[in-house]
Structures are given as structure tokens and as C-alpha cells.
Amino acid sequence: MLWTDWNINWRVVGANHNDGDRADMIIRFVDASFQNRGELILHPRLDDALRDLYGRGSYSGKPGEAVSMPTLGLLQQPYALFVGCERAPMSEQALRNVAGTIGNKLLELKAGSADIVVPAGQPAASANALMEGLLLGLYRRNSLAVGGREQAKLERVSFLLEEGADIEAWQIALQRGYIAANAVCYARELTNVPSNRLTPELLAGEARALSERYGFDCTIYDEKTAAAEGMGGLLAVGMGSVNPPRMIVLRYGGDPGSGQSIGLIGKGITFDTGGVSLKKAEGMEEMISDMGGAAAVLGAMRAIGELKPKVNVVMVVPAAENMPSGSAFKPGDVLTAYGGQTVEVLNTDAEGRIVLADGVTTAIRFGATKLIDVATLTGAVMHALGDLATGAFTSDESMLGDVLQAASRAGEYVWQLPLHPEYDRLLKSDVADVKNHGGSWAGAIAGALFVRHFTEGKPWVHLDIGGTAWMWSDRGFESKGGTGVMVRTLAEYIRLSAD
Ligand code: BES
Ligand code: MN
Ligand code: ZN
């Protein structure tokens with residue numbers, strides 16, 4: 001598998017614990033009260049040094065600002081790291097962000113081991129956020145250069161709890177964060193692999209490896225079996241490439257007694273050139289992330305495999321490479337999608353919705369009774385929400401309510417956009433059931449409407465991650481490249497569905 005877990009040995013220890021096991025670094029959260037003279041933070045001499053830096057204006061103590069110093073024999077650990085934070089109890093979001101700074105710093109300082117003094121008064125229930133921020137902040141895209149860039153060296157972490165804290169509760173919540181962070185890093189890694197090394201066939205192999213690891217049912221349609229099934233949308237988009245398409249299905253049956261099953265469908269375009277409606281060259285390399293939706297649902301399956309919730313899940317990834325060539329589909333073509341509806345192609349760059357149509361039909365044929373699709377579907381959603389929030393659309397407000405609640409608990413921003421019936425005319429075609437392009441206005445809405453055509457009236461939520469799946473530069477605990485966005489939201493949604 002592309003991502004083989006963090007190799008970090010972590011543990012939780014109580015106050016005053018001392019087994020002589022010396023870490024490279026001790027990490028202490030400091031809120032604004034550090035300015036009060038006389039209050040012990042780590043060691044009187046180090047505390048003085050920190051206050052001196054503050055006095056000089058070189059350390060502000062603001063949340064997320066960190067300063068490291070050698071301890072020169074004053075403490076067991078040779079280095080100390082002070083990290084600014086709000087006064088505990090912090091919100092999960094605040095804690096995740098501060099922990100992200102720690103992850104970034106541990107990477108930068110090449111620390112092999114760390115003792116993290118957990119802030120007094122912070123509830124155990126928020127510990128997952130501490131672990132998530134830490135591990136996500138440590139992650140960087142692999143360098144494929146000879147020799148490569150160094151990845152994080154962290155091998156050992158001890159969380160030092162305050163007196164009286166519930167060690168077991170911390171352990172459980174940290175473990176939940178560890179699972180979530182691993183799932184997100186898996187999605188990031190999948191997204192960051194360039195398209196010459198991650199074709200639809202290789203992506204299918206990755207899904208198969210995941211199914212073997214967790215005991216999921218795995219069905220993969222190649223170009224021949226997909227043709228025999230009538231997956232006309234997937235084939236149309238995929239046939240311009242020498243790397244043929246795949247329809248990938250994983251099934252997890254955590255609740256065999258129930259007829260309900262959650263369908264998770266992820267757009268798996270391993271590269272989007274735009275096809276015959278070719279994209280401009282500048283920035284096209286980002287389109288290795290056009291399988292960010294696939295990465296999100298595969299990441300969610302990884303978390304599901306670990307957590308084993310009492311629900312049924314059908315995951316579907318329609319995977320294809322969108323290329324211009326002599327065998328590519330063309331504007332003006334009329335295709336028959338898997339469900340039997342016809343599609344007029346006006347722009348081959350609106351390919352994601354076409355493969356998703358067949359993906360949604362596949363999920364329904366495999367028993368999905370509710371649908372969530374995740375897709376880097378439009379650039380337009382980025383014009384609406386920037387690179388900060390994922391756009392959400394639904395045919396079922398109460399289902400979206402649950403997804404929004406999961407997103408908020410996971411600390412991911414998701415914002416609803418409307419699907420008023422008057423928008424329907426955007427996709428009216430003279431020659432087919434629907435056309436794939438609705439003009440230059442309301443582009444994210446048109447994309448969502450297209451997908452809704454294939455949902456057969458099932459409760460459905462569409463998450464457009466066109467603005468959030470990829471970062472052009474580092475931002476907090478998100479590093480340049482694939483973000484793994486929506487993995488935590490989906491995993492949380494599934495977990496809450498099992499309650
Ligand atoms: N994968 C793109 C959307 C995208 C573009 C995501 C840039 C992230 C960054 C999608 O397939 C696409 O090309 N959409 C077109 C649709 C249009 C032709 C209707 C778009 O948004 O321009
Ligand atoms: Mn496109
Ligand atoms: Zn695309």
C-alpha cells in the first residue's frame with residue numbers, strides 16, 4: 001500500500017512519571033499567563049529566557065507561535081519547545097491547529113522523540129485533535145528525487161498528563177486521532193502520486209490491497225467488463241487514454257442485519273487534461289489531484305477498516321484518465337450512461353460528472369440506500385468559497401445536517417450552496433436527457449445538478465472539493481499538495497451513523 005502508517009511509538013504517562021527514558025525534546029504549551037513572573041513553566045532559568053525573548057518582542061506567545069531552546073543540562077531533555085496557545089480548555093479546532101505547529105516544528109528540528117506536556121484542564125475527549133494536528137503537521141509530500149528529501153524522524157512520543165487525569169480516556173481519544181490522521185495521510189499520499197505512477201489500473205490495485213488488509217469485498221470492472229455492463233459514461237471519458245478506466249467497488253458489511261447501506265462515491269480522474277476541450281498549460285500539473293475524491297473515500301475506508309463501525313458501506317471509485325486523442329470522446333457526442341439516461345457532451349472538460357453518474361448508479365446497484373459523493377468537480381466552487389471551504393449540495397436537508405455536524409466535529413469547513421428547482425434549466429438538452437455543461441454561470445451548481453440526475457431519488461449529498469483538495473503552498477498542518485480533505489468528515493459521519 002502507498003501509505004504504510006506512521007512508525008511512531010506513542011504512550012500516555014501520568015504526572016511525575018520518570019523511567020529515565022530521555023526524549024530529544026520536551027514540549028510545553030504556554031498561554032498568555034506565561035508573562036506572570038514567578039509562575040513555573042518548565043524551569044526557572046528557561047522560563048526567564050522565554051520571558052526575556054518576550055520582552056525583546058521576538059516571542060509574542062500568540063497561539064501557534066513556537067520557540068525552541070537548548071536546555072543545557074537543566075532538564076533531562078536536551079531541547080525545550082514552547083508553543084503559544086489559548087488558555088485551556090481549548091476548542092478541538094484550536095488544539096488541532098496548535099498541535100499542527102508542533103508537528104511542523106518536530107519535522108523542522110528533526111526530533112526523533114518528544115515528551116509533550118498536555119495542558120492542564122484540557123479534556124480527554126479532545127485528545128484526538130491533539131494527535132491529528134501533530135501527525136498531519138509532520139506529513140510532507142515524498143520527494144522522488146534520487147536520495148529524496150528527509151521525512152519526519154519522529155519515532156517516540158510520550159504524552160505527559162496532569163495529576164489526576166484519566167489515562168485510559170486520553171489513550172482512547174488519542175488512538176481515534178491516530179486512526180484519523182493515518183487515513184488522511186493515506187489520502188494525501190494517493191493524491192500526491194503523479195499520474196504516470198498512479199493510473200486507473202494502479203489505483204484499482206491500491207483499493208484491492210486495502211480490501212485485503214481489512215477484509216472488504218472488492219469488485220473491479222476493467223474496460224471489457226465495464227463495457228459489458230453498459231457503463232457508457234466511464235468508458236467515454238476513459239477511452240481517450242492508453243491507460244484504460246476501472247470501476248472500483250469496495251464493500252464493508254458492519255451491520256449485516258440491516259438493509260441500509262451508505263454509498264461513498266469518489267471521483268477518480270487520475271489526470272484531467274480536459275480532453276479535446278483541452279485545459280491551458282499553466283498549473284495543469286495540479287490535475288494529478290483530480291482523484292482527490294477517490295482518495296477521500298479510500299481514506300474513509302481505511303478508517304472504517306480500523307474502527308469497524310456497525311454500518312454497511314459501499315465505496316465506489318470510477319477511475320479514468322481524461323486525455324485528448326484519436327479515440328477520445330468529443331463535444332457533440334451523445335452517450336448512454338450506465339443507468340440508461342443519455343448525455344449530450346458539450347465540453348469534455350466536464351468529465352467528472354460523467355464518470356460520477358456511472359459511479360452513483362454502480363453504488364445503487366450494489367445496494368446503497370444513501371449517497372455521498374466527493375469530487376474535485378469544478379473550478380467554480382473555488383470562485384465561490386476559495387480554498388478554505390468545501391461546497392455541499394443535497395436533495396435531503398436532514399442528511400446534509402448530519403454531514404455538516406460530522407464536518408464540524410472533524411474540524412473541516414463545509415458550506416451549503418443551493419439547488420433551487422429554477423436552476424434545472426441549466427442542463428436541459430435538445431437531443432439527450434441532460435447535457436454536461438450549463439454555461440459560465442453557477443458552475444458548481446450545474447455540476448451538482450448533473451450528478452443528482454442519477455441518484456434515483458435516494459437521499460444524496462454532494463461535496464465539491466475543487467477548491468480544497470490541493471494546496472499550492474503550506475498552510476498550518478496542511479502541506480503543499482494533496483490535503484486529504486473530507487476523510488475526517490466522512491469517517492466521523494460513518495461513526496455517528498453507527499450510534
Ligand atoms: N477537475 C476539474 C475541476 C477543477 C479545476 C478542480 C481546477 C480543481 C482545480 C473539472 O473536471 C473541470 O474541468 N471542470 C470544469 C467544468 C466546466 C468545463 C463546466 C471547470 O470547472 O472549469
Ligand atoms: Mn475537467
Ligand atoms: Zn476533472
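Student: Which residues coordinate the zinc ion (ligand 3), and at what range?

Tutor: In this predicted model, the zinc ion (ligand 3) is coordinated by Lys267 through NZ, by Asp272 and Asp290 through OD atoms and by Glu351 through OE, at 2.0 to 2.4 Å.

Student: What is the arrangement of the donor atoms around that zinc ion?

Tutor: The arrangement is octahedral, because the six donor atoms around the zinc ion (ligand 3) subtend angles of 78 to 173°. As a reference for those angles, the ideal values for six octahedral donors are 90 or 180 degrees.

Student: And what spacing do the zinc donors follow along the chain?

Tutor: The donors of the zinc ion (ligand 3) follow K-x4-D-x17-D-x60-E. Within that pattern, aspartate 272 belongs to strand 10 (residues 268–272), while aspartate 290 sits in the loop between strand 10 and helix 8 (292–307), and the two are 18 residues apart, a pair that links distant parts of the chain.

Student: Are those two aspartates, 272 and 290, buried or exposed?

Tutor: Aspartate 272 and aspartate 290 are both buried.

Student: Which residue bridges the zinc and the manganese, and how far apart are the ions?

Tutor: Aspartate 272 is the bridging residue, and the zinc ion (ligand 3) and the manganese ion (ligand 2) lie 3.1 Å apart.

Student: OK, so what are the protein donors of the manganese ion (ligand 2)?

Tutor: They are Asp272 through OD, Asp349 through both O and OD, and Glu351 through OE, and these atoms lie 2.1 to 2.2 Å from the manganese ion (ligand 2). Along the chain, the manganese donors follow the spacing D-x76-D-x1-E.

Student: Why is the manganese arrangement called irregular?

Tutor: The six donor atoms around the manganese ion (ligand 2) subtend angles of 71 to 169°, which makes the arrangement irregular. For six donors, the octahedral label requires opposite donors over 155 degrees apart and all others between 65 and 115, and anything else is irregular.

Student: How about aspartate 349 and glutamate 351, what relative accessibility do they have?

Tutor: Aspartate 349 has 23% relative accessibility and therefore counts as partly exposed, whereas glutamate 351 has 0% and so counts as buried.

Student: Switching to strands: how many residues of strand 9 are buried?

Tutor: Strand 9 (residues 262–266) is mostly covered, with five of its five residues buried. Both of its faces are covered, since Ile262, Leu264 and Gly266 on one side are buried, as are Gly263 and Ile265 on the other.

Student: Which strands does strand 9 pair with, and is the pairing parallel or antiparallel?

Tutor: Strand 9 pairs in the parallel sense with strand 11 (residues 312–322), over four bridges, and it also pairs in the parallel sense with strand 14 (residues 370–375), over five bridges. Isoleucine 262 takes part on both sides, having valine 313 as its bridge partner in strand 11 and standing opposite lysine 370 in strand 14.

Student: There's a three-stranded open sheet too, right, so what is its strand order?

Tutor: Its order is 12-13-17, with mixed pairing. Strand 12 (334–336) and strand 17 (434–435) stand at the edges, each with a single partner strand, so one side of each is left without a neighbour in the sheet. Strand 12 runs antiparallel to strand 13 (residues 342–344), to which three bridges join it, and valine 334 has glutamate 344 as its bridge partner in strand 13.

Student: Now aromatics: how many pairs does a search of the whole structure find?

Tutor: The search finds 10 aromatic pairs. One of them is tryptophan 3 with tryptophan 6, whose ring centres are 5.2 Å apart and whose planes meet at 80°, so the pair is edge-to-face. Both tryptophan 3 and tryptophan 6 are buried, and ring pairs link Trp3, Trp6 and Tyr139 into a cluster.

Student: What about tryptophan 10, which residue does it form a pair with?

Tutor: Tryptophan 10 pairs with tyrosine 178 in a tilted geometry, at 6.0 Å centre to centre and 45° between the planes. Tryptophan 10 lies in strand 1 (residues 9–13) and tyrosine 178 in helix 4 (residues 167–192), so the pair ties together parts that are 168 residues apart in sequence. Tryptophan 10 is buried at 15% relative accessible area, and tyrosine 178 is buried at 11%.

Student: Last one: which arginines lie over tyrosine rings?

Tutor: Arginine 302 lies over the face of tyrosine 186, at 4.8 Å from the ring centre, and the charged end of arginine 365 sits over the ring of tyrosine 338, 4.4 Å from its centre.

How values were computed: Residues are numbered from 1 along each chain as its sequence is written. Chains are lettered from A and ligands numbered from 1 in the order in which they are written. This is a predicted model: local features need pLDDT of at least 70, side-chain atom pairs count only at pLDDT 80 or more; totals for chains, interfaces and linings use all residues. Side-chain values use heavy atoms; hydrogens and water are left out. Buried means under 20% relative accessible area, exposed over 50%, partly exposed in between (1.4 Å probe, protein chains only). Two strands pair if DSSP finds at least two bridges between them. Donors are N, O and S atoms within 2.8 Å of the metal (3.2 Å for Na, K and Ca); water is not among the atoms, so sites may look incomplete. Four donors count as tetrahedral if all angles lie between 85 and 135 degrees; four count as square planar and six as octahedral if opposite donors are over 155 degrees apart and all others between 65 and 115; anything else is irregular. Rings of Phe, Tyr and Trp (its six-membered ring) pair if their centres lie within 6.5 Å; planes under 30 degrees apart count as stacked, over 60 as edge-to-face and the rest as tilted. A charge sits over a ring if NZ of Lys or CZ of Arg is within 6 Å of the ring centre and within 35 degrees of the ring normal.
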